[in-house]
Each structure stands twice: as structure tokens, then as C-alpha cells.
Amino acid sequence: MKLSRFLLALMLLCMPVALVAQEGVDTATEQPAEGKKKMKKNEVLNDKGEIIKTGYNYGPLPAVAFDADKGFQLGALLNIFDFGDGSEYPNPRQKWYFEASFFTKGSQLFVISYDNKFSIPGVRFSSSITLTNDKAMDFYGFNGYMSYFDHEAVKAGKDKSNPNDFIYTPKYRINRLALLFKADFTGNIWQNKFFWEAGYHFSWLKQGYNNQQALNFDKINKNKAPEKLFPTDPTAANYEKPIFDLYRDWGIISQEEAWGGFNSTVRLGLLYDTRDKEGAPSRGIWAEAHATLAPKWLGTTNPYYRYSATFRHYVPIVDNDILTFAYRLNYEGTFGKDAPYYVLPFITVMGANYDRDGMGGYRTIRGIMRNRVQGLDVASYNVELRWRFVSFRLWKQNISFGLSLFSDGTMVTKNFDMSFKGEEQYRASYDAYMAEAGNRTTDRPHITVGGGLRFIMNQNFIVAFEYGLPLSKFSSDPFIKNQDGNGAFYINTGYLF
């Protein structure tokens with residue numbers, strides 16, 4: 001009941017703020033093009049009965065959201081869409097996105113992005129700068145199920161009925177500061193369907209705390225009751241090192257890479273795009289293949305070379321955006337046998353969006369823990385059935401509500417090297433850790449199912465409410481059961497793909 005009241009209040013909050021829009025062209029003086037109907041002053045409808053938006057449209061919104069991995073989000077965001085004369089609606093000519101958000105689990109996010117289709121003839125320009133500050137980002141190790149997650153200890157640590165149990169979750173956390181910048185260019189090769197892509201991407205990743213340990217324990221323990229302090233004395237009976245620090249002891253994460261570094265990269269790719277619209281497509285194909293080159297001479301601290309391929313398909317079952325079947329297949333791979341561990345969480349993105357980390361979380365695999373699946377090569381899928389059950393015009397805006405059912409899945413297909421390379425005094429703890437996962441040498445699929453509700457305005461501004469549940473929760477295999485978490489609820493923007 002409390003959750004339903006919260007969702008209703010958030011919807012009511014989103015609508016009046018999001019409906020603030022400013023029209024830049026008086027369409028009453030224009031002649032409607034073929035397939036369009038002229039309505040009252042300042043309104044022209046397309047063949048779907050939608051108002052064709054023109055000029056600049058503003059979408060300020062309080063960033064009040066929830067992500068099971070990050071906690072409640074408080075902040076503000078602003079979308080600015082330039083639809084020009086409306087000839088390309090629902091796709092804008094250019095758009096800006098600004099966000100400043102703070103999360104109750106200790107993260108901050110700042111984003112500025114810009115996308116332009118007309119300033120450079122025949123070329124689309126997209127740029128963004130992103131700063132994320134995660135005081136306790138999820139880190140569960142590498143190769144999926146090969147890295148054991150002690151869910152029973154985490155559960156015990158959260159049980160307030162036993163004051164002797166400490167909060168165990170910092171074992172699976174790491175401090176990370178990430179600054180990312182990109183400038184991408186996309187140009188037409190054939191009939192505005194087949195394109196080349198090229199871009200420069202720079203990032204600086206600061207991992208761990210003060211080049212000493214995974215976390216700032218003083219900050220974590222600040223103002224906590226004595227029985228809830230995370231133990232930092234190695235001689236204490238209940239002392240537990242974070243996984244990140246254990247991986248350093250075992251040599252899985254080398255001292256040269258442990259604290260992060262600079263990534264100065266060139267990305268090259270090909271794109272095939274026949275979508276009917278970008279914000280909420282209902283038909284067409286969107287396929288990409290990229291190579292990321294990060295050589296030492298370009299300024300990269302620890303050089304690497306990676307590639308990715310993504311195929312997305314949108315199939316209309318009932319026309320006019322009413323019922324759509326959509327799926328995405330993705331493969332993130334590494335040339336060679338090594339890459340810095342801190343680049344593995346990021347999913348390769350070019351164009352209007354910016355890099356996201358995963359696998360796990362709202363933008364990748366909904367319902368499993370953030371960054372649960374990391375390896376040199378990772379395959380994933382997303383399947384959705386999208387039903388837009390009501391559409392109407394309100395206050396000169398095109399409004400829709402939609403429901404969706406989905407299944408997401410991922411697995412590591414090429415392992416990060418987890419062999420022991422540390423000092424002999426740490427071998428016993430390494431052997432015990434690997435034994436907890438049954439000394440597995442391969443991963444297996446991590447699959448989730450779920451559903452969601454969406455508020456859609458003008459085909460571009462979308463607020464999403466979704467819940468995902470990992471099927472491993474119901475597994476009869478004791479090594480798999482509860483290894484992906486207990487499910488997650490998200491309030492966010494846009495479609496996953």
C-alpha cells in the first residue's frame with residue numbers, strides 16, 4: 001500500500017512539471033503536409049493523431065527516483081528538445097540533457113550531454129561529460145558464479161534483531177570516482193540507414209580509497225552504534241576484508257592496476273538503423289559494431305583493446321505503437337587475454353547516449369545486483385513485450401501510458417584471469433574462497449524476469465517504473481541460489497533500448 005501511494009504521488013509530481021513546454025513555431029500559419037491533419041491554432045496532427053511538436057520543448061523534472069543498487073535518488077534534471085519545424089517529429093533536431101543527482105547509498109551523478117544532427121552537414125555530433133562519485137560501489141568479483149556472494153552473511157548483517165551482527169555489505173563494495181568525456185561523430189554511408197561512427201573517449205577512474213584499501217572505513221562507521229561498526233581490526237573475530245582487498249592479496253588485481261588510471265581511447269564503428277523513431281521505437285532494426293582502441297601512446301595508463309556488437313529489433317504486433325515486441329542481443333569482448341579490471345563494467349556506447357556500467361542494474365540486466373557479472377567477454381540479451389494501453393492529448397502534449405513484460409539474461413563467455421598470483425601466506429584464504437563456489441571454471445546464464453509501467457510524453461520524455469526478479473533465487477543448485485540478489489525495483493527514465 002505504501003509503495004502504491006508513493007508511485008501515485010510521484011506520477012502526479014512528474015506530470016505537471018514535465019508538461020512545461022514552449023512552442024517555437026506558430027503552426028497555424030503553416031499548411032499541413034501530406035498525411036497530417038490541421039487542428040485548432042498551434043496544433044497539427046500526424047496520421048497517428050499526435051500533435052506534431054515544433055520549436056523548443058523543455059522538460060524540467062525533479063530527479064526523485066529509486067534504484068535498488070543506489071538507493072533513493074534526489075536531484076534535478078532537464079531535457080531540452082529542438083523539433084525545428086516539426087518535419088522530423090518525433091525525432092528532435094538537437095537535444096540537451098542536464099542532471100545533478102544524489103543517492104542515499106552514497107553516490108553522486110552529474111551529467112551534461114548534447115546531440116546535434118544539423119550543424120555539420122551529413123554528420124551527427126554527440127558529446128557528453130559525466131562525473132560519478134560512488135562511495136560504496138558494488139564489487140562482487142569476476143566471472144559471475146565463479147565469484148561467490150555470501151548472501152547468508154549479508155542477510156544476517158541486516159537482521160536488526162541480533163545486535164551482535166555487524167553490517168556485512170561493505171565486503172562487496174569499493175570506492176570509485178569516474179570522470180568520462182566523449183565526442184562522437186556519425187555519418188551517412190547509404191540512404192540514411194547505414195552509417196560510419198568515430199569518436200574519442202576519455203575517462204579517469206580512481207578506484208579504492210587513498211591507494212590503500214577498498215573503502216573509507218572511517219566514513220562508513222561515522223555515527224554508527226558500536227555494535228554496528230564495520231570491523232577494521234584484522235585481529236577481530238568478525239573481521240572481514242572487502243573482496244577488492246582480498247583480490248589484491250591474491251594477485252588477481254595487480255598493484256599496477258588496483259587504483260585505476262587514465263583511458264584515452266578511439267572508438268570506430270558501423271551502424272545500421274531503420275527505426276521509425278528513436279525515443280520509443282515500434283518497428284525497425286538498430287544494429288552496431290564497435291572497436292575500442294586504447295594504446296599507451298594515446299595516454300592510456302594500462303593499454304587495452306576491446307570490441308562490441310549489439311543487435312536490436314522492434315516488431316509491431318499491433319500497429320500505432322499499441323503492442324510491440326522488442327529484443328536486444330549484445331556481446332562485449334576483449335582482443336587478447338587481458339584488460340584493466342576497472343574498464344570491464346562499462347558497456348560500449350556511441351552516439352546520443354553515454355557509457356553505463358553493468359552487467360546488473362536498470363540499464364543492463366534488470367533484477368540482478370549491479371556489476372554482478374564481469375569478465376573479459378560477456379554476452380547478454382533483453383526481451384520485452386511493450387503494450388501502450390492508453391494514449392491521449394493533454395495541454396498540447398502527447399501523453400501515453402504503457403505496460404511491459406521482460407526477461408533479461410547475461411553470462412561471462414571469456415574469463416578474467418582469477419589464478420592465484422599472491423604471496424603464499426594468502427593461498428589458504430584464496431583456496432577457501434574458490435571452494436565456496438565449487439571451484440567452478442565457467443559461468444552460466446544469469447536470467448531475470450519482470451514487468452514495468454511507463455509514462456510517455458511526446459515519444460521522447462519517458463518515466464519508467466520496473467521490477468526485476470532473478471530466477472537463480474528459485475534454483476535447486478545450492479551454489480547458484482540467491483547468488484544474484486533478491487530482485488530490484490527501479491524508477492528511471494527512458495526505455496532500456
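This passage describes a nonpolar surface patch and the salt bridges of a predicted model. Local features need pLDDT of at least 70, side-chain atom pairs count only at pLDDT 80 or more, and totals for chains, interfaces and linings use all residues. Residues are numbered from 1 along each chain as its sequence is written, and side-chain values use heavy atoms, without hydrogens and water.

A nonpolar patch of about 900 Å² lies on the surface, with Trp387, Phe389 and Leu403 among its residues. Patch residues have over 30% relative accessible area and no salt bridge; nonpolar side chains (Val, Leu, Ile, Met, Phe, Trp, Tyr) are joined within 5 Å, like charges within 9 Å. Areas come from the Shrake-Rupley method with a 1.4 Å probe; for residues, only the protein chains shown count as cover. Strand 17 gives the largest share, five residues. Strands are DSSP runs (E, at least two residues), numbered from the N terminus. Leucine 403 lies in strand 18. Its relative accessible area is 36%, so it is partly exposed (between buried, under 20%, and exposed, over 50%; 1.4 Å probe, protein chains only).

The whole structure holds 29 salt bridges (a side-chain nitrogen of Lys or Arg within 4 Å of a carboxyl oxygen of Asp or Glu). Arginine 176 pairs with aspartate 357, with the closest N and O atoms 3.1 Å apart. Arginine 176 is in strand 9 and aspartate 357 in strand 16, so the bridge ties together parts 181 residues apart in sequence. Arginine 176 is buried at 3%; aspartate 357 is buried at 15%.

Aspartate 408 and arginine 366 form another salt bridge, at 2.8 Å. Both residues are buried.

Key: Helix = DSSP H or I, 4+ residues; strand = E, 2+ residues; numbered from the N terminus.
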